[in-house]
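This report walks through one protein model, beginning with a single residue and its surroundings and then widening to the chain as a whole. Please keep the sequence and the structure in view while reading.

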Amino acid sequence: MDRIQERDRRFTDTENRLRGLILQGLDGDAAAYHQFLKALSAHLRAYFRKRLFERPDEVEDLVQDTLLAVHNQRHTYRADQPLTAWVHAVARYKLIDLLRARASGESLNVPLDDELELFAASDTEAREAKKDLDTLLAGLPDRQRLPIVHVKLEGLSVVEAAQLTGMSESAIKIGVHRGLKALAAKIRGIA
């Protein structure tokens, strides 16, 4: 119980100190504002270290990004609201932005040492797959085969495929749908 009360007291003291410094800074006291940013950076560093323990090299960049965001958005802070809640929201959004950016970037960069099968596959497998696909497509009528070839394999738009084949756009869409359905049925029958 004493530890909880001590933690709450420390939190309240920190909140009051930081809140006082930012309010002085907003009133034009540059020294108080500098102290606020310095004290806040220590708290942000601890906050991000706890959440990015596997990526310690990201912590300092995130602290700087958050401090910059707090500085740029300081005019939005409402003096009647807790400062730590406002700062925490800014920090959380910066953390989410970083994780999203890293996740999308990592999905584009597949490490080669994890994918040894990349070099194990041969060109003959690709040729065999193309031959199998050509055999399956050959069994379809032109009104289904051509839309699949042009739209799905060659990457043309529905409009371009319609112009190329002389079919209507609706016929292209229907041909793709029915053709894929027919191919799936053929594959299920083979397997």
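Leaving aside residues up to four places away in sequence, L23 touches Y77 and A79. The structure is a predicted model, and the contacts and distances in this report should be read with that in mind. L23 itself lies in helix 1, and Y77 sits 54 residues from L23 along the chain, with 9.5 Å between the C-alpha atoms of the two. How accessible is L23, given as a relative value? L23 has a relative accessibility of 24% and therefore counts as partly exposed, since the class of buried residues is kept for those under 20%.

**The chain as a whole**

The protein chain is built with 9 helices and 0 strands, so that the order of its elements, read from the N terminus, is α-α-α-α-α-α-α-α-α. Of its 191 residues, 26% count as buried. The accessible surface of the chain comes to about 13500 Å², and carbon and sulfur atoms account for 55% of that area. When contacts with a separation of 6 or more are considered, 55% of them join residues that are 24 or more positions apart.

**Salt bridges**

How many salt bridges does a search of the whole structure find? The search returns 5, and three of these pairs are set out below with the distance between nitrogen and oxygen.

| Pair | N to O distance |
|---|---|
| E60 and R45 | 2.8 Å |
| D134 and K130 | 3.1 Å |
| R145 and D142 | 2.3 Å |

The side chains of E60 and R45 meet in a salt bridge, and this pair links distant parts of the chain, with E60 in helix 3 (residues 56–72) and R45 in helix 2, 15 residues apart. E60 has a relative accessibility of 34% and so counts as partly exposed.

The pair D134 and K130 belongs to helix 6 (residues 123–138), where the two residues are separated by about one helical turn because they are 4 residues apart. D134 is partly exposed, its relative accessible area being 38%.

In helix 7 (residues 142–153), R145 and D142 are 3 residues apart, which means that about one helical turn separates them. R145 is partly exposed at a relative accessible area of 24%, and D142 is likewise partly exposed, at 44%.

**The largest pocket**

The largest pocket has a volume of about 560 Å³. Its lining is made up of 18 residues, and those that lie nearest the centre of the pocket are F11, T14, H43, Y47 and T84. Which helices each supply at least two residues of this lining? They are helix 1 (2–26), helix 2 (30–51) and helix 4 (83–108). Helix 2 gives the most to the lining, with 7 residues. Sorted by class, the lining of the largest pocket holds 9 nonpolar, 4 polar and 5 charged residues.

Two of these helices have already appeared above: helix 1 carries L23, and helix 2 carries R45, the partner of E60 in a salt bridge. Both helix 1 and helix 2 are thus among the elements that each supply at least two residues of the pocket lining.

Notes: Residues are numbered from 1 along each chain as its sequence is written. This is a predicted model: local features need pLDDT of at least 70, side-chain atom pairs count only at pLDDT 80 or more; totals for chains, interfaces and linings use all residues. Side-chain values use heavy atoms; hydrogens and water are left out. On a 1 Å grid over the protein atoms alone, a cavity is a set of points where a 1.4 Å probe fits but cannot get out, and a pocket is an open set with protein on both sides within 12 Å along at least five of seven lines; lining residues have an atom within 4 Å of a point. Grid points are joined across faces, edges and corners, and a volume is the space filled by probe spheres set on the points. Ala, Val, Leu, Ile, Met, Phe, Trp, Tyr, Cys and Pro count as nonpolar, Asp, Glu, Lys and Arg as charged, and the others, Gly among them, as polar. A salt bridge is a side-chain nitrogen of Lys or Arg within 4 Å of a carboxyl oxygen of Asp or Glu. Buried means under 20% relative accessible area, exposed over 50%, partly exposed in between (1.4 Å probe, protein chains only). Contact means heavy atoms within 4.5 Å. Accessible areas come from the Shrake-Rupley method with a 1.4 Å probe; for residues, only the protein chains shown count as cover.
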